[in-house]
Amino acid sequence: MIRPEHLRPEEGVGLKEVREACPELNATAEHVRGFGSLMRERRGEDLERWINQARTHDLPALQQFADGLLRDRNAVVAGLSSTWSSGQVEGQVTRVKLLKRAGYGRAKLDLLRTRILLRN
């Protein structure tokens, strides 16, 4: 998932060898990189074009992913276009779940509440 220009030289050589040995992986990597670009640059309007390009290759997993995006196209386009993110909320939920699991079977709700509020 790292951009090729950010790889160390030996990693770049290894990636090149793997991609030359497996054409399917090479095609998949290009599509994944293209989708990553859509997400980073918030180009939801280009989703339809990306899906059409992904369908040109005989890659069942990629085609299945593209079909899933089409089923909820409006939400995906909005998510790829919006500057808003639920990342902070999701991070807090993950933290609370981790604290809850760490105290499972040993801690009651009052201790969990205290740990959450104290951010330990």
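# Worked exercises on a helical model

The crossing of α3 and α4 is left-handed. That is one result from a predicted model, and the exercises below work through others like it.

## Exercise 1: the pair α3 and α4

Work out how α3 is oriented relative to α4, and which residues bring the two helices together.

*Solution.*
Step 1. Start with the geometry: α3 and helix α4, which covers residues 60-71, pack at an angle of about 150°, and their axes are 9 Å apart.
Step 2. Angles over 145 degrees count as roughly antiparallel, so α3 is roughly antiparallel to α4.
Step 3. Now list the partners. From α3 come Leu47, Glu48, Trp50, Ile51, Ala54 and Arg55; from α4 come Leu62, Gln63, Phe65, Ala66, Asp67, Leu69 and Leu70.
Step 4. Sort these by class: the contact of α3 with α4 has nine nonpolar residues, one polar and three charged.

## Exercise 2: the pair α6 and α7

Repeat the analysis for α6 and α7: what is their relative orientation, and what is the handedness of the crossing?

*Solution.*
Step 1. Helix α6 (residues 87-102) packs with helix α7 (residues 109-118) at an angle of about 140°, with 10 Å between the axes.
Step 2. Roughly antiparallel would need an angle over 145 degrees, so α6 is classed as oblique to α7.
Step 3. For handedness, α6 passes α7 in a right-handed crossing.
Step 4. On the α6 side the contact is made by Arg95, Val96, Leu99, Lys100 and Ala102, and on the α7 side by Leu112, Arg115 and Ile116.
Step 5. By class, five residues of the contact of α6 with α7 are nonpolar, none is polar and three are charged.

To add one distance to this picture, take Gln92, which lies in helix α6. Gln92 and Ile116 are 24 residues apart in sequence, and their C-alpha atoms are 9.6 Å apart in space. Gln92 counts as partly exposed, at 31% relative accessibility.

## Exercise 3: an arginine in α1

Decide whether Arg19 is buried or exposed, and find the partner of its side chain in a polar contact.

*Solution.*
Step 1. Locate the residue: Arg19 belongs to helix α1, residues 9-21.
Step 2. Buried means under 20% relative accessible area. Arg19 has 14% relative accessibility, so Arg19 counts as buried.
Step 3. The side chain of Arg19 makes a polar contact with the side chain of Asn26, at 2.6 Å.
Step 4. Look at the wider surroundings. Once neighbours within four places in sequence are set aside, Arg19 is in contact with Asn26, Ala29, Glu30 and Arg33.

## Exercise 4: two residues of α2

Compile the contacts of His31 and Ala27, and say how accessible each residue is.

*Solution.*
Step 1. His31 has its place in helix α2, and Ala27 is found in helix α2 too.
Step 2. With a relative accessible area of 8%, His31 is buried. Ala27 counts as buried at 15% relative accessibility.
Step 3. Not counting residues up to four places away in sequence, His31 touches Trp50, Gln53, Ala54, His57, Leu59 and Leu62.
Step 4. With that exclusion again, Ala27 touches His57 and Leu59.
Step 5. For a long-range distance, pair Ala27 with Leu111: 84 residues apart in sequence, they are 51 Å apart in space, C-alpha to C-alpha.

## Exercise 5: two loop residues

Find what is notable about the phi of Arg42, then identify the backbone atom that the side chain of Ser82 reaches.

*Solution.*
Step 1. Arg42 is in the loop between α2 (23-40) and α3 (47-55).
Step 2. Most residues other than glycine have a negative phi. Arg42 is not a glycine, yet its phi is positive, about 50°.
Step 3. Arg42 is partly exposed, with a relative accessible area of 41%.
Step 4. Turn to Ser82, in the loop between α5 (73-81) and α6. Ser82 counts as partly exposed at 26% relative accessibility.
Step 5. The side chain of Ser82 reaches the backbone nitrogen of Trp84 at 3.0 Å.
Step 6. Finish with a distance: Ser82 and Thr94 are 12 residues apart along the chain, and their C-alpha atoms are separated by 23 Å.

Note on methods:
Residues numbered from 1 in each chain as written. Predicted model: local features only at pLDDT ≥ 70, side-chain atom pairs only at ≥ 80, totals over all residues. Heavy atoms only, no water. Helix = DSSP H or I, 4+ residues; strand = E, 2+ residues; numbered from the N terminus. Buried < 20%, exposed > 50% of the residue type's maximum accessible area, 1.4 Å probe, protein only. Polar contact = N/O pair within 3.5 Å; in protein donor to acceptor, adjacent residues only side chain to side chain. Contact = heavy atoms within 4.5 Å. Axes fitted to C-alpha atoms, helices over the stretch in contact; angles between N-to-C directions. Parallel < 35°, antiparallel > 145°, perpendicular 65-115°, else oblique. Left-handed = near helix turned anticlockwise from the far one by under 90°. Nonpolar A, V, L, I, M, F, W, Y, C, P; charged D, E, K, R; others polar.
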